[in-house]
Amino acid sequence: VSGETKQMSIRELCRTRVFWLLMVMMVCAGASEQAMSQWASTFAEKALHITKTMGDLAGPCAFAVFMGTARALYGKFEARIPLKGFMLASSVMCIGCYLLAALCELPVLALVGCALCGFSVGIFWPGTFSTGAAAIRTGGTAMFALFALAGDLGCSAGPGLVGAVAELAGGRLQAGLLAALVFPILLLGGLLVLKKQRRSALS
């Protein structure tokens, strides 16, 4: 149909620099979320010396509640809050939460960092999808399928890195979480690059 906009092919997408930047951001979005979420229960048990049931409530449950809260709040106030600004603030918060969980010597405060991390990562996955839709308007279903694939890759890579580094560090989960800090840092870097590109395009 002549009125329809032609969607980019996978080959065309792969030749687009911003597409690869967004792919890296999707990997980091999934990794930032799951690196903390998947280890939250174990972290709570070891830090507070509590049962697995209580660890699940104090770790993954609190993480999920805060993540859902972030998405609900942004959904309600999205007309007033710029997406990229919210994502930038969330990235900085995520870095702070990882540092708190990994470096704080007080177990309760470390667990607070773990829980609040859920709020910080809440916008990462849907926000990167929305950013991609705005940056590559003709990306189409192929682009979103590849984004989802990259996000799933990150969901595996994040917890895997935490576990591998923790094992090398003699079972110190904090060392694994500190290594996973690379994901929110890279995501923050990607957002800053996109912001700079947009300024250049408008100037």
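Reader: How far is the sulfur of C61 from the closest cysteine sulfur, and which cysteine holds that sulfur?

Author: A disulfide is called when two cysteine sulfur atoms lie within 2.5 Å of each other. For C61, the closest cysteine sulfur is in C114, 12 Å away, so the pair is too far apart for a bond. Before we go on, please note that this is a predicted model, where local features need pLDDT of at least 70 and side-chain atom pairs count only at pLDDT 80 or more, while totals for chains, interfaces and linings use all residues. Residues are numbered from 1 along each chain as its sequence is written, and side-chain values use heavy atoms, leaving out hydrogens and water.

Reader: And which cysteine sulfur is closest to that of C155?

Author: That one is in C28, and at 12 Å it is too far for a bond. A search of the whole structure finds 0 disulfides.

Reader: Are C61 and C155 buried, exposed or partly exposed?

Author: We go by relative accessible area: under 20% is buried, over 50% is exposed, and in between is partly exposed (1.4 Å probe, protein chains only). C61 has 37%, so it is partly exposed, and C155, at 22%, counts as partly exposed too.

Reader: C114 came up with C61; which helix of C114 meets α4, and how do the two axes cross?

Author: Helices are DSSP runs of H or I with at least four residues, numbered from the N terminus. Axes are lines fitted to C-alpha atoms over the stretch in contact, with angles from 0 to 180 degrees between N-to-C directions. Here α4 (residues 52-77) and α6 (residues 107-121) have axes that come within 6 Å and cross at roughly 30°. Angles under 35 degrees count as roughly parallel, and α4 and α6 are therefore roughly parallel to each other. Contact means heavy atoms within 4.5 Å; residues of α4 that meet α6 include A58, F66 and L73, and C114 and F119 are among their partners in α6.

Reader: Which residues does A40 contact beyond its neighbours within four places in sequence?

Author: A40 sits in helix α3 (residues 40-48) and is buried, at 0% relative accessible area. Its contacts beyond those neighbours are G59, P60 and C114. A40 also lies 8.2 Å from A58, C-alpha to C-alpha, with their positions 18 residues apart in sequence.

Reader: Last one: is S91 buried or exposed?

Author: S91, in helix α5 (residues 83-103), has a relative accessible area of 0%, so it is buried. Leaving aside neighbours within four places in sequence, S91 contacts F124, P184, L187, L188 and L191.

Definitions and conventions
Helices (H or I, at least four residues) and strands (E, at least two) are DSSP runs, numbered from the N terminus. Angles under 35 degrees count as roughly parallel, over 145 as roughly antiparallel, 65 to 115 as roughly perpendicular and the rest as oblique.
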